[in-house]
Amino acid sequence: MAKKQFKAESKRLLDLMINSIYTNREIFLREIISNASDAIDKLCYLSLTDDKVGMTRDQFKIRVELDKTARTVTVIDNGIGMTKDEAENNLGVIAKSGSSAFKADMEGDSKPGAEDVSIIGQFGVGFYSAFMVSDKVTVETKKYGEEQGVRWESTGADGYTVTDIEKPEVGTKVIMHLKDDTDEDVYSSFLEVWKIKALIKKYSDYVRWPIEMDIEHQERKETGEKDDEGNPKYEYEMVTKTETVNSMVPIWQRSKADVSDEDCAAFFKEKYRETKDPAVILRVNAEGTTAYKAMLFIPGAEPQNVFSEDHKAGITLYSNGVMIMEKCGDLVHDYFEFVKGVVDSPDLSLNISREILQHTRQLHVIGQNLEKKIKGELEKMMKDDRPKYEQFFKNFGIHIKAGVCDEYGRYKDFLRDLLIYYTSEDRQVTLKEYADSMPEDQKKIYYASSDTVRHAMDLPQCEEVRSHGYEMLYLAAPIDEMVLETLRDQDGKPFCNVVTDDLGFDTEDDKKAAEERNEENKELLDFIKESLGDRVAKVRLSGKLVSKPCCLATEGPLTLEMERYFRAGPSEEMRSLRATRILELNPSHHAFTALKDAYDAGDKEKAADFAKILCSEAELVSGVELEDAGAFVELVSQLF
């Protein structure tokens with residue numbers, strides 16, 4: 001029996017197929033099972049017009065057998081099989097796909113039921129993934145309608161043999177003899193029932209045909225004897241039973257009438273190991289040029305590891321029930337990375353290994369449609385169940401905010417309506433709701449930032465805004481300032497930071513009077529600056545303060561909130577960034593009067609102590625950590 005050579009430039013190409021196209025050895029089983037499923041699909045399709053097939057739909061199946069002694073993994077199907085010529089053409093020619101040719105023929109046909117046939121294979125290389133784990137592959141097959149079977153056998157790139165055999169049943173048996181274990185690869189793990197079951201559940205759980213295995217269980221049976229108390233005695237024995245290990249019809253492929261929200265929630269909690277029901281269940285059945293079905297979930301709680309290095313977001317992708325990517329991070333943008341679920345489409349353009357998805361128009365169209373539907377569900381939740389939306393935003397609002405800032409604000413208009421901010425400790429509003437409720441004479445949207453809403457409300461600069469009867473937005477997350485700076489305005493109303501920006505209340509005469517006050521007190525202000533050293537860059541009298549003696553402002557692009565944000569950064573350079581601090585004093589407050597009196601009386605030591613106390617007060621109110629808390633306590637104690 002002469003050995004034949006592969007017809008596709010032999011060894012180098014086969015080595016490429018085995019070692020380069022596939023990056024994960026365990027997918028060999030997915031590929032062989034997918035081929036078996038295709039073979040059954042072909043015979044099932046043929047049975048629509050050929051009553052001699054002699055099998056009903058519920059008789060088709062795939063079987064997986066393990067033999068530890070022989071070190072073999074065997075996949076058996078009762079599909080259409082191959083003739084000797086087809087075995088040579090499909091197995092002896094790398095990248096020759098019989099399924100692809102069948103699919104092309106079928107698409108030009110119009111037989112009833114053709115739309116129910118799901119062909120997975122496209123490239124004709126999946127079979128060769130078996131050589132990643134096997135040193136010999138044997139294929140025994142018999143084509144429907146043929147009398148003779150055929151055995152195809154190969155040990156790799158050195159060629160293959162084809163011989164006639166007697167095979168009573170129609171179908172194909174693929175016998176993979178596993179390689180010997182090495183220090184790096186334990187191939188014998190694929191001989192364990194639990195391992196193969198796990199791989200089938202992971203990659204082929206939704207193949208439409210039953211995948212059967214012999215599973216060993218421990219069962220209890222009566223011995224016929226009784227114990228001293230007259231109770232029957234039992235013994236345990238290992239019993240092997242044939243079980244179907246795949247689910248076949250995925251929950252997202254079933255009609256909404258057959259699957260309740262409770263069923264979907266149970267699937268979500270089981271698949272993602274969640275304890276809480278999802279906040280949103282989104283089901284999509286899209287038809288047209290790009291057909292797909294999707295079942296998406298917005299979790300009811302934020303995952304604990306969402307910001308860890310190990311966390312990887314993404315929706316699971318299936319093509320005709322076969323998992324292609326466990327986590328596709330490219331389907332939706334990062335601002336919706338908290339969304340979990342599955343997308344199943346027969347129209348995905350896969351790369352040759354079916355391990356990663358090519359970035360094609362289909363993927364882009366599906367992603368765009370899903371994002372619109374996700375946003376629509378969130379807007380519906382905001383309208384119909386505001387407390388539920390507020391809880392969602394507490395869990396995942398950081399993703400929406402980061403999305404606004406991402407790519408220089410590219411997605412800001414798509415996301416802005418999903419943002420909500422506090423106007424008090426117990427009330428949150430959207431930016432549009434705030435803008436719509438503004439008095440006619442209010443020209444700006446005022447906001448203050450701190451580490452909590454309460455602290456933001458207590459900032460001295462807020463007093464003057466509230467004295468005009470205007471509501472404010474209180475920001476409590478370090479990223480919030482960047483979000484509003486990216487948005488710039490809402491319905492033409494600009495955002496105004498009460499700490500750094502001009503509030504717009506002063507007339508030209510007011511501004512001129514303020515300049516004159518600062519000039520009149522220049523000597524005192526210079527003394528205060530000198531007493532404080534590099535704690536502040538400048539000292540000036542403020543027009544924003546009402547009842548508070550002082551406040552801390554900033555100058556330049558970096559604010560105190562941004563400084564806090566960068567302080568948690570990964571690099572020393574980022575953590576060393578500091579805002580340019582300005583101490584603002586209230587000239588009408590008795591604390592400033594006491595400082596000025598001490599200075600005018602020549603008691604500069606006392607005046608310097610007052611200046612340091614006021615600066616520390618401003619730092620504390622602004623949420624800045626005191627560099628020397630002990631010195632501050634000592635200064636305050638001296639007042640008594």
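This report describes helix H6 and the pair of helices H19 and H20 in a predicted model.

## Helix H6: length and buried side

Helix H6 comprises twelve residues, 261-272, and at 1.5 Å a residue these should span 16 Å, a value with which the 16 Å separation of its end C-alpha atoms agrees. Within H6 the buried residues are Cys264, Ala265, Phe267, Phe268 and Tyr272. Because these buried residues cover an arc of only 160° around the axis, they lie on the same side of H6.

The face of H6 turned away from that buried side carries Glu262 and Glu270, both of which are exposed.

## Surroundings of H6

The packing partners of the buried residues of H6 are four strands, namely E9 (280-286), E10 (292-298), E11 (315-319) and E13 (340-344). Just after the helix, Arg273 adopts a positive phi of about 55°.

## The H19 and H20 pair

Two packed helices are described by the angle between their axes and the distance between the axes. For helix H19 (residues 604-621) and helix H20 (residues 629-637), the axes come within 10 Å of one another and cross at roughly 125°. With angles of 65 to 115 degrees counted as roughly perpendicular and those over 145 as roughly antiparallel, this crossing makes H19 oblique to H20. The handedness of the crossing between H19 and H20 is left-handed.

At the level of residues, H19 contributes Asp609, Lys612, Ile613, Ser616 and Leu620 to the contact, and these meet Phe632, Leu635 and Val636 of H20.

Methods: Residues are numbered from 1 along each chain as its sequence is written. This is a predicted model: local features need pLDDT of at least 70, side-chain atom pairs count only at pLDDT 80 or more; totals for chains, interfaces and linings use all residues. Side-chain values use heavy atoms; hydrogens and water are left out. Helices (H or I, at least four residues) and strands (E, at least two) are DSSP runs, numbered from the N terminus. The expected span of a helix is 1.5 Å times one less than its number of residues. Buried means under 20% relative accessible area, exposed over 50%, partly exposed in between (1.4 Å probe, protein chains only). The arc is that of the directions from the helix axis to the C-beta atoms. Contact means heavy atoms within 4.5 Å. Axes are lines fitted to C-alpha atoms, for helices over the stretch in contact, and angles run from 0 to 180 degrees between N-to-C directions. Angles under 35 degrees count as roughly parallel, over 145 as roughly antiparallel, 65 to 115 as roughly perpendicular and the rest as oblique. A crossing is left-handed if the near helix is turned anticlockwise from the far one by less than a right angle, and right-handed if clockwise.
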